[in-house]
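Reader: I'm new to this structure and would like a close look at one part of it. Please pick a single helix, explain your terms as you go, and then show me some of what else is there.

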Amino acid sequence: MNNAIRTENLVKKFGRVEALRGLDLAVPEGAVYALVGPNGAGKTTIIKILMNIFGATRGRAEVLGLESTRLRGRYFSSIGYVSENQELPEWMRLDSFLAYLRPFYPSWDRKLENELVSQFDLPLDRRLRNLSRGMRMKAALASALAYHPKLIVLDEPFTGLDPLVRDELIQGLLERAEESTILISSHDLAEIESFASHIGYLEQGQLRFSEELTTLVERFREVELTFDTPPHLPKTAPNTWMHLSTSAAVIRFIESRFDAEKTATEVRNVLGEARNVAYTPMSLRSIFLAMAKAGRDPYVERAER
Amino acid sequence: MRQVLNIFLKDVRHHWRECAASIALVAAFGWNEMRGWLHDEVFGAGIGIGGLFSSRFLSGLVVVLVPVAWSLVVVRVIQGESLVGDRQFWVTRPYEWKKLLGAKVLFGLTFVNLPLLVLDVFLLAKAGFRPTDYIVGLFWMQLMIVLYFMLPVAALATVTASVVQMLLALLIIALYGIGMGLLSDQIPSSSFSDPADSLTAALFFGICLAVIWMQYARRKTNKSRLLIAGLAGVCVLILVATPYRTLVAREFPQLNLQQEPPFQLALLPAEKVDPETAPEKEEEKEVEIRLPLSISGFGAESIAAIDGFMVDLEAQDGLHWNSGWKSPGLSLFPDQKSTRIDVTLKRRAFERLRSSAVRLRLSIAFTLFHDTNRREFVTPAGVFMMKDVGLCSTESTYSRGIHCLAPLRRPKSLLISADMSMSTCPVLEGESPATHGEIARDWTRGSGSEPAEFGISPLKTVDLYLTDWNGAASRRSTGICPGTPFVLSNPEPVGRNQTVLQIDGFRLSDYRLPSPKFTIGSVSIGAR
C-alpha cells in the first residue's frame, strides 16, 4: 500500500528545544491515522512541517508523493487542513467565506457544500468572528471537505468542544471523506478509538509506535492471576510486562505483546501455576495511560536495543 | 487572473473604508491645491484656537494625511493575508504566491496610483496644461510613488503582522535615521554630495524587492527581517567607509597645468571686527572663521556653482586640521567681485593653531556652466505662459516676484538677470532706487533630468525673485512687476573641476568671527 504521508528522520529544533527527534512516520493511503500523545509531544509541529507551514531542521517529509517543502499553491487543492488555532478571516460572513474559497478549488462541490452546511447547521449569514468555537470548527471543516480532498489533516479539532459538536464533526468527517486519507492529532482517545484505523503515539518528539488500531488493541491485555496463597513478585519478568503489582493473592500486570499461547506459557514459567488467569482487553485510553505511566512502550524499548 | 480578481475583490470588500478615506483625502488634496493657486495668502492664517481649526490648518493636515492614508491602505491590504506567523488559514489553501502578490499590486495601483493619476490629470487640465503632453511624466510620477513610497511601505508590511508592529518598525527606523544623522556629523566630508547615494539607493530598492519576494514566495520572515537589519548595517558601513575624498577627487579633477582656470580666487584681508562690541567668549565650544575671497578672471558667459570646499590648516610645528568637504551652495557670476566662506572649528583646534602663522589650503570643487539661450523678456500683466517654466503671474504673490506653476518639474536650469534700475516696481519706503548696471539674478536649478519630480502634485511652484549678487554689505532685493524687463537664459554645465588656493603665513585669529551665527552642521556660509 502506498503512503499518503511519509517522513524520514525528521528533526525540528526551536532554538535549543528539540521538538522532533528523528521522526519516521508513514500514513497509508486511505487510513484514518490518529496521532496521539501528551501536550508538547510534537503533534502540531509535525503537522505544520507536513503542511509546509514551517520547515524541518533536518530530515524529509513527503505528502501525497510530494516533498513537503514544495507544498504550496495548487497542491493544496487536494488537501484539507483544519486546526484548532487557525486564524480565519473573522470579518467575513460564512456564506462570503465559502463563496470566496470556491474559485480556488476546481473540484469544489456546491451540492456537497450545501449538504455540509445543512448537516452542520451552519448560520451562513453570521460573520466568522461571531461564531462559537464549535461552529467555527464546523465551518472550517465544511470549507475543507467541500472539494473532496485526497488528504484531510486535522490538528486537535475536538479540543474544547462539547460532545454533541464532536459527534457532529466526526460524523461529518466520516461520511464525507470516504475516499480520503485522514491524519488527525488529538488528545481525545475515546473519540479517536471510535473511528481511527491507525494510531501513532508521539512522546517527546519521538514516535513510540505506529500501527493499526486493531493490532494495538489486540496486543494489550490486562492480566490478572489469582493464587491460593499470597505470591511473591518475580525478580525478573519479560520486557513486555508493564506495571507488575501484587495485592493479597492476586498479581496484576499489563501485557503489551499479548499472544494467547505464548503469554500463557510465559506466565506459567515466571509466576507458576495460578488458580485463575484472566486476560482482559483494554480500552485505548487504558493502554495510553499505562504507557504514559511506564514512560515508554517496553516492547519498543526492547526492539530499540 | 481569476484568482487575482477573486483576492482583489475580497480585499475591496474588506478595506473599502480605508480606500474611501484615502480617495477622499486625495480629492481634498486636489481641492487644497487649487485653492492655493487662487488664494496665495500663504502666511495669512491666524494662530490660536481659531487658527488651529481654520481651513488652512485642515488643508495642511490633508497634505500629511494623504501619505498616511496610502500607507494604511498598503499595510492593511498586505496584512490581510499576513505573511508573518504560522496560523493564517490562507497558507494551506491553493493560493499561488504570484497571484496573491499580483492581487495586492493591483489593489495598490487601483486605490493609490489610479486616484492620484486621475487627480494629477485633473489638476494639470485645471491649471491650463494639456495632460496628453505630459503622459510620460505622469507615469514617471506614479513610478516614483511606487518606488520611493509604496515599495518600502510594502516591504515593511510583509514582515510585520499588524499595524502596531508596523508603527513599532517605523519608530525603530526613525531612531536609526537620527543615529545616522548624528554619525554623519562626525564623519568629515560625508555631508558633501554623497557619492555613495546611488549604491545606497540600489541596495535599498534591491533589498525591498528581495524582502517582498522572500515573503511572498517563501514566507521566510526571520531571514527577511535580517535582510532589512543587514541593509541598515551596510548603510552604516557605507557612511563610515566611503572614501569621500577619493570620490570627490575623481568627480572634480584638479585643473592641469595647461588648463586656464575659469576664475581666480584670492584671499582678502579679514573683515574688521570691533573687539569691544564682539568680545571673544572663552566658553564657546566652536569658533567661526570667515574667509573673504576676491573673484576675477571670469568669462562673460560663465557661471560657477561651488559644489564643495575643503579647508586645510597646517602649522609649522606639524599641527594639522582639515574641515573635510562641505557643501556651501554658492554660485559665482561674471560680474561678482567677492564671496566668502565660513568654517567652524572646535575651540581646542583653534587654540592650538591660532598663535602661529599657518599654511591655509582652500580646495574648491565647482561645476562650470556656460550661460546659453539668452533671450529678453518683459514681464506681462496678468497670467502669462513662460516657456520652459509654466504658467506665471506677478499678481498673486505676497512679494514682488514671479510666481509660476510648472508642470511636473521645475526647470533644469533657468537664470533670470535684470538691471535693477529697469524695475517697474514702485520704490517702497526705506528703499533707494537702484543705479544703472546693478545686476540682480535668480538661478533656479532643478535636480536631475527626469520627466517629473517626486511628489503628489503635478504642479511645482517656481518663485522667481531678483537678488542683488554683487551688492554692498548685504543682499538687496528688487522687484519684478508688470513691464519689468529681464534676460532669461539656461546655463548648461560644461565641466567639473577642483581648484586650490594656498596661503602661507595665514593667521587664524585675524579671520575669527565674533560669535557663531546661523550654522548648518559645522559650517556656516555666506556670499555677497
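Author: First, a word on touching: two residues are in contact if their C-beta atoms, placed from the backbone, lie within 7 Å. A residue is buried if 20 or more other C-beta atoms lie within 10 Å of its own, exposed if 12 or fewer, and partly exposed in between, again with C-beta atoms placed from the backbone. Helices (H or I, at least four residues) and strands (E, at least two) are DSSP runs, numbered from the N terminus.

What you're looking at is a predicted model, so local features need pLDDT of at least 70 and side-chain atom pairs count only at pLDDT 80 or more, while totals for chains, interfaces and linings use all residues. Residues are numbered from 1 along each chain as its sequence is written, and chains are lettered from A and ligands numbered from 1 in the order in which they are written.

Now the close look, at α2 of chain A. Its buried residues are A:Leu94, A:Phe97, A:Leu98 and A:Leu101. Seen down the axis of α2(A), they fall within an arc of 95° (taken from the directions from the helix axis to the C-beta atoms), so they line one face of the helix. The spacing fits a general rule: an α-helix has 3.6 residues a turn, so residues three or four places apart point the same way. And what do the buried residues of α2(A) pack against? They pack against α3 (110-119) and α4 (133-145) of chain A.

This helix also turns up where the two chains meet. That contact takes 20 residues from chain A and 16 residues from chain B. On the chain A side, β6 (79-83) and α2 (94-101) are the elements that give two or more residues. By type, the chain A side splits into 13 nonpolar (Ala, Val, Leu, Ile, Met, Phe, Trp, Tyr, Cys and Pro), 4 polar (the others, Gly among them) and 3 charged (Asp, Glu, Lys and Arg).

How far can you trust the helix? The predictor's confidence in each residue is pLDDT, from 0 to 100. Among the elements of chain A, α2(A) has the highest mean pLDDT (96), and helix α10 (residues 298-304) has the lowest (43). Over residues 299-305 of chain A the pLDDT is below 50, and that stretch has 8 contacts in the model beyond near neighbours in sequence. For chain A as a whole the mean pLDDT is 88, with 96% of residues at 70 or more.

For contrast, try helix α1 (residues 43-50) of chain A: 8 of its 8 residues are buried, so it is largely enclosed by the rest of the structure. Among them are A:Lys43 and A:Lys48. Just after α1(A), A:Asn52 takes a positive phi of about 60°.

Then there are the strands, which count as paired if DSSP finds at least two bridges between them. Strand β1 (residues 3-14) and strand β2 (residues 17-28) of chain A run antiparallel, joined by 9 bridges, with A:Asn3 opposite A:Pro28. Their hairpin has 2 residues between the strands, and A:Gly15 there takes a positive phi near 65°. β1(A) also pairs in the antiparallel sense with strand β4 (residues 58-63) of chain A, over 5 bridges, and A:Val11 has A:Arg58 as its bridge partner there.
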